[in-house]
Amino acid sequence: MSLILVVDSDASFCRRVRAAAEGADSVRVEEVRTLADASVLMGLREPQVLLIGPSVSADEALDFSEGMSTERPSVAIVMVAAEVTTDVLRRAMRLGVHDVIPADKPWSEIVDALLGVLAGTADQRREEKPTAEETGVAGRVVTVFSTKGGVGKSVIACNVAAALARMGSNVVLVDLDLQFGDAGIMLDLKPERTIFDAVQNYDRLDAEMLRGYLVPHSSGLRVLLAPVHPEDADAITVGRIGTILRMLRDIADIVVVDTAATFDEVVLAAIDASDAIYAVATMDVASIKNTRVSLQKLKQLGYDEGRTRLVMNRADSKVWLDAGEVEHSIDAELVAKVPSDRLVPRSVNRGVPVVIDSPRSAVARSLVDLAKKISMSEGEVTHSVA
Ligand SMILES: Nc1ncnc2c1ncn2[C@@H]1O[C@H](COP(=O)(O)OP(=O)(O)OP(=O)(O)O)[C@@H](O)[C@H]1O
Ligand SMILES: [Mg+2]
């Protein structure tokens, strides 16, 4: 049984939430009129979701969330706010608020978002697992790859990593696009610590110290960010990347690596250290040709060994290319088709992954499906042979 606690001075808002949410399986709703009452009740019950209604000002809601994020980090907070400004969104995301929904959205969207958060918390409780360190089993490394720019590598890496974290996996995302990495922007993280700092202290570096260079995201994901200054990328040599990825296997169950659109030694170092490579292509001839050629090159260099799978991004059914033909032409198993959706650029601009920003959308679902495949199917690679 999941419990949603609703806070709003308007009883009719609470009633509408109750009517909508209690239609779902095993959900109970309790309501209070003030944040002070919510605080008392949260000490007695353990709600999975705290829904703060539009009668509470955004400032008050955020101050309260700040306290909750340290006192009760397991409670997912959702705000329905009368006015949603960029400032409110940024602060909310930094505090780990799960969702901020404008009050003027259609009621069905508000309910969908609420149930999406609730489903996420249920998944998390069901799937919480011990860390790689606790089990003594090394984590796996997966690299998102394409030598073509703008195909969606970073969107896919950030979303898959955030989705895996929300499912309860212990995940580290590494931004190996060392000169122009944008994982920090996509996840709205301040680059207070980056891979450059880890490399600066390379001689003393161990797993414990490396952990300190990871920047936490509200989803539970931790990120090793790219250097702030492009010129610092030079200090991050191939050997050091290999060592860092090996150490991260002791820290995380799954290490997701985002890469630059090149075929250089940094990308090869990531591929070398990876259990699986997710090649991203879009539905156009140039991208498909590029993917085919670069995967052939990986094979020639001896890097493949059946570890490569294919992700089609912006895979619109309206486009004339057939997914089967594409799979055949590239000679890699197609594991996901991610649709094109303007929710993606919107989520990039907001600094919130679309799997969190719009969890019920088709694009978010396809990314969550991909995350599930990544978490389940490693080590069982069935490389298709044309
Ligand atoms: N499925 C999608 N639907 C709509 N837009 C998308 C989708 N995937 C990616 N985009 C858009 O394409 C842009 C480029 O994506 P992204 O930055 O992930 O590509 P990339 O392969 O990492 O590029 P680079 O090689 O330059 O790092 C993003 O800003 C995003 O808005
Ligand atoms: Mg990128």
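The following dialogue explains how the terms used for this predicted model rest on their definitions.

User: How is the model numbered, and what kind of model is it?

Analyst: Residues count from 1 along each chain as its sequence is written, while chains are lettered from A and ligands numbered from 1 in the order in which they are written. The model is predicted, and local features need pLDDT of at least 70, side-chain atom pairs count only at pLDDT 80 or more, and totals for chains, interfaces and linings use all residues.

User: What makes 2-127 and 132-377 domains?

Analyst: Domain bounds come from an automatic or database domain assignment. For this chain the assignment gives domain 1 (2-127) and domain 2 (132-377). Their centres, taken over C-alpha atoms, are separated by 31 Å.

User: How many residues of each domain take part in the contact?

Analyst: Ten residues from domain 1 and ten residues from domain 2 do so; two residues are in contact if their C-beta atoms, placed from the backbone, lie within 7 Å. On the side of domain 1 that touches domain 2, α4 (86-95) and α5 (107-127) each supply at least two residues. The largest share of that side, six residues, comes from α5. Helices (H or I, at least four residues) and strands (E, at least two) are DSSP runs, numbered from the N terminus.

User: How are the residues on that side of domain 1 divided by type?

Analyst: Two are nonpolar, four polar and four charged. Here Ala, Val, Leu, Ile, Met, Phe, Trp, Tyr, Cys and Pro count as nonpolar, Asp, Glu, Lys and Arg as charged, and the others, Gly among them, as polar.

User: Why are β1 and β2 said to pair?

Analyst: Two strands pair if DSSP finds at least two bridges between them. Six bridges join β1 (residues 2-7) to β2, and these strands run parallel; therefore β1 and β2 count as paired. In β2, Val32 is the bridge partner of Val7. The open sheet of five strands has the order β2-β1-β3-β4-β5, with parallel pairing.

User: What makes β2 and β5 edge strands?

Analyst: Each of β2 (27-32) and β5 (99-102) pairs on one side only.

User: Why do β6 and β10 also count as paired?

Analyst: Five bridges join β6 (residues 140-145) to β10 (residues 254-258), so the requirement of at least two bridges is met. Thr143 stands opposite Val257 in β10. Eight strands form this open sheet, in the order β8-β9-β7-β10-β6-β11-β12-β13, with mixed pairing. Its edge strands are β8 (215-216) and β13 (333-338).

User: Why is α13 called roughly parallel to α14?

Analyst: The axes of α13 (residues 285-300) and α14 (residues 323-330) come within 9 Å and cross at roughly 30 degrees. Axes are lines fitted to C-alpha atoms, for helices over the stretch in contact, and angles run from 0 to 180 degrees between N-to-C directions. Angles under 35 degrees count as roughly parallel, over 145 as roughly antiparallel, 65 to 115 as roughly perpendicular and the rest as oblique. The crossing angle therefore makes α13 roughly parallel to α14. Ile288, Thr291, Arg292 and Leu295 of α13 meet Val326, Ser329 and Ile330 of α14 in the contact.

User: What makes a residue part of the shell around ligand 1, and how many residues are there?

Analyst: A residue is near a molecule or strand if its C-beta atom, placed from the backbone, lies within 6 Å of it. Ligand 1 is surrounded by 19 residues, and the closest are Gly152, Lys153, Ser154, Ala261 and Pro345. Both α7 and α15 (343-350) supply at least two residues of the shell.
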